[in-house]
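Let's take a walk through a protein model together. Have a look at the structure first, and then we will go through it step by step.

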Amino acid sequence: MSARTTALLLTAVLAVYFVLMTGRAIALLETGTGVGIGLGVGVLLLPIVGAWVAVATIRFGLQTERLAQRLAAEGTLPDTSSLPRMPSGRIDRTAADAWFEERRAEVEAAPEDWRTWFRLAHGYDIAGDRRRAREAMRKALELS
């Protein structure tokens, strides 16, 4: 199953969950008691915050995909297929770190080029640092 299909499936499940949570929140609000109303408001906030997070995450993914398509069209999409892999399929840590250092040097040489930030984000990702990968990708999106 592709990552996009998985994301769509999980988003659909999350939407069903939000509908069910909203129904429970309304039932709590209709009790008319102070505790019921308080819990109802709290439960109602969960789907609202969850929906906001889901939309923000989907938007980030779509924007990232657009940048990847631009790089692919230019023929400069990061290629890690030649890096050695462990039996699990993950890229060997030493090779990932070396590849990352090359990307970091590219960013230092051209800090205003979104392409270098995109490749740095990919470097962070293969090195296993997802938080910094997202930060670098946000910078790439900001510069694009």
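Of the contacts in the protein chain with a separation of 6 or more, what share comes from residues 24 or more positions apart? Such residues account for 50% of these contacts. Keep in mind as you read on that this is a predicted model.

Let's begin with the overall build. The protein chain has five helices and zero strands, and from the N terminus on its elements run α-α-α-α-α. The radius of gyration is 21 Å, well over the 15 Å that the globule rule gives for 144 residues, so the chain is more spread out than a compact globule. You can also picture a box: along the principal axes, the C-alpha atoms fill roughly 65 × 35 × 25 Å. Of the 144 residues in the chain, 26% are buried. The chain exposes about 9,400 Å², and carbon and sulfur atoms supply 64% of that area.

Now let's turn to the inside. In soluble globular proteins, nonpolar side chains tend to be buried together. In this model, the largest nonpolar core has 15 residues, and Leu67, Phe118, Leu120 and Ala140 are those with the most contacts inside it. Four helices each give two or more residues to this core: α2 (34-74), α3 (93-109), α4 (114-126) and α5 (130-143). The largest share, six residues, comes from α4. Take Ala140 as an example: not counting residues up to four places away in sequence, Ala140 touches Leu67, Trp114, Trp117 and Phe118. Apart from this core lies another one, of six residues, among them Leu83, Ile91, Ala95 and Trp99.

Next, find Thr64 and its neighbour in the numbering, Gln63. Thr64 lies in helix α2 and counts as buried because its relative accessibility is 17%, below the 20% cut-off. Leaving aside neighbours within four places in sequence, Thr64 is in contact with Phe118, Met137 and Leu141. Gln63 is also found in helix α2, but this residue counts as partly exposed, at 28% relative accessibility. Although Gln63 and Leu141 are 78 residues apart in sequence, their C-alpha atoms are 7.3 Å apart in space.

Another pair worth finding is Gly123 and Phe100. Gly123 has its place in helix α4. Is Gly123 buried or exposed? With a relative accessibility of 0%, Gly123 counts as buried. From C-alpha to C-alpha, Gly123 and Phe100 are 4.5 Å apart in space, while 23 residues separate them in sequence. Beyond its neighbours within four places in sequence, Gly123 is in contact with Trp99 and Phe100. You have met Trp99 already, as one of the residues of the six-residue core.

Finally, let's step back out to the surface. Which residues make a nonpolar surface patch of about 400 Å²? They are Leu29, Ile37, Val41, Leu45 and Ile48. Helix α2 gives the largest share of this patch, four residues. Ile37, for instance, is found in helix α2, and Ile37 is partly exposed, with a relative accessible area of 36%. Helix α2 thus appears in both settings: it gives residues to the largest nonpolar core and to the nonpolar patch on the surface.

Key: Residues are numbered from 1 along each chain as its sequence is written. This is a predicted model: local features need pLDDT of at least 70, side-chain atom pairs count only at pLDDT 80 or more; totals for chains, interfaces and linings use all residues. Side-chain values use heavy atoms; hydrogens and water are left out. A nonpolar core is a set of buried Ala, Val, Leu, Ile, Met, Phe, Trp, Tyr and Cys residues joined through side-chain atoms within 4.5 Å. Buried means under 20% relative accessible area, exposed over 50%, partly exposed in between (1.4 Å probe, protein chains only). Contact means heavy atoms within 4.5 Å. Patches are made of residues with over 30% relative accessible area and no salt bridge: like charges are joined within 9 Å, nonpolar side chains (Val, Leu, Ile, Met, Phe, Trp, Tyr) within 5 Å. Accessible areas come from the Shrake-Rupley method with a 1.4 Å probe; for residues, only the protein chains shown count as cover. A salt bridge is a side-chain nitrogen of Lys or Arg within 4 Å of a carboxyl oxygen of Asp or Glu. The radius of gyration is taken over C-alpha atoms; the globule rule is 2.2 Å times the number of residues to the power 0.38.
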